[in-house]
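Student: I would like to go through this model before using it. Can we take it step by step?

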Amino acid sequence: MGLIQFKDTELNRDKSRDCFVFDQRVSVKHGLEVGDYDMCHACRMPVSQDEVKDERFAVGVSCPHCHDTTDPQQRARFEERQRQMELAKKRNETHIAADVGAAKAAKRAEKEAQRERSRRER
Ligand SMILES: [Zn+2]
């Protein structure tokens with residue numbers, strides 16, 4: 001997974017407070033993603049990896065256990081809820097990308113200040 005790898009190689013070198021917040025968000029997001037596919041959000045039944053591949057399975061909408069019992073109105077509601085969740089997830093990813101950018105900028109500014117100090121001491 002790209003984000004986790006990036007965190008391990010780039011950000012773990014610097015244990016500043018900003019990076020700690022970043023680490024926490026990644027683990028929260030990671031947990032949510034795993035959870036999405038372990039349980040049917042429509043009927044709350046646990047879903048196996050095989051059932052996820054079943055054509056009756058739709059993330060957040062139906063699974064082999066409940067696809068017969070949901071009426072079109074319910075389906076539409078579940079689909080809309082899933083759409084909102086995907087949107088929220090995308091917004092969250094944008095926040096994380098912004099955090100990485102801010103952490104990098106802070107590091108650059110710090111290096112610049114150090115260079116400035118050593119220049120003045122010479
Ligand atoms: Zn279900």
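Student: What share of the residues of the protein count as buried?
Tutor: The model is predicted, and the protein in it has 122 residues. A residue needs 20 or more other C-beta atoms within 10 Å to count as buried. The share that does is 7%.

Student: Which pattern does the protein follow along the sequence?
Tutor: The protein has four helices and zero strands. Read along the sequence, the pattern is therefore α-α-α-α.

Student: Which element of the protein has the highest mean pLDDT?
Tutor: The mean pLDDT of the protein is 76, with 70% of residues reaching 70 or more. Among the elements, α2 has the lowest mean, 44. The highest mean is 89, and it belongs to α4.

Student: Over which residues does pLDDT stay under 50?
Tutor: Where pLDDT is low, the predicted coordinates should not be read in detail. For the stretch in question the model has 21 contacts beyond four places in sequence. The stretch with pLDDT under 50 is residues 1–36.

Student: How far apart are the end C-alpha atoms of helix α4?
Tutor: Helix α4 runs over residues 72–121, which is 50 residues. At 1.5 Å a residue, α4 should span 74 Å, and the model agrees with this. The end C-alpha atoms of α4 are apart by 74 Å.

Student: How many of the residues of α4 are buried?
Tutor: Helix α4 is hardly covered. Among its 50 residues, the count of buried ones is one.

Student: Is Glu-79 buried, exposed or partly exposed?
Tutor: Glu-79 is found in helix α4. Its C-alpha lies 9.8 Å from that of Ala-42, although the two are 37 residues apart in sequence. Glu-79 has 15 C-beta neighbours inside 10 Å, so it counts as partly exposed.

Student: Which residues form the largest nonpolar core?
Tutor: Cys-63 belongs to this core, and its contacts beyond four places in sequence include Cys-40, Ala-42 and Val-47. Outside the core list, Cys-63 also touches residues including Glu-51 and Arg-56. The core has six residues: Cys-40, Ala-42, Val-47, Val-61, Cys-63 and Phe-78.

Student: Which residues does Asp-38 touch, not counting those up to four places away in sequence?
Tutor: Asp-38 lies in the loop between α2 (17–36) and α3 (49–53). With 11 other C-beta atoms within 10 Å, Asp-38 is exposed. Asp-38 and Gln-49 are 11 residues apart in sequence and 7.9 Å apart in space, C-alpha to C-alpha. The residues that Asp-38 touches are Pro-46 and Val-47.

Student: What is the phi of Arg-44?
Tutor: Arg-44 is found in the loop between α2 and α3. Arg-44 counts as exposed because it has 9 C-beta neighbours inside 10 Å. Arg-44 is not a glycine, yet its phi is positive, at about 65°.

Key:
Residues numbered from 1 in each chain as written. Predicted model: local features only at pLDDT ≥ 70, side-chain atom pairs only at ≥ 80, totals over all residues. Helix = DSSP H or I, 4+ residues; strand = E, 2+ residues; numbered from the N terminus. Expected span 1.5 Å × (residues − 1). Buried ≥ 20, exposed ≤ 12 C-beta atoms within 10 Å, placed from the backbone. Core = buried A, V, L, I, M, F, W, Y, C linked by C-beta atoms within 7 Å. Contact = placed C-beta atoms within 7 Å. pLDDT = per-residue confidence, 0-100.
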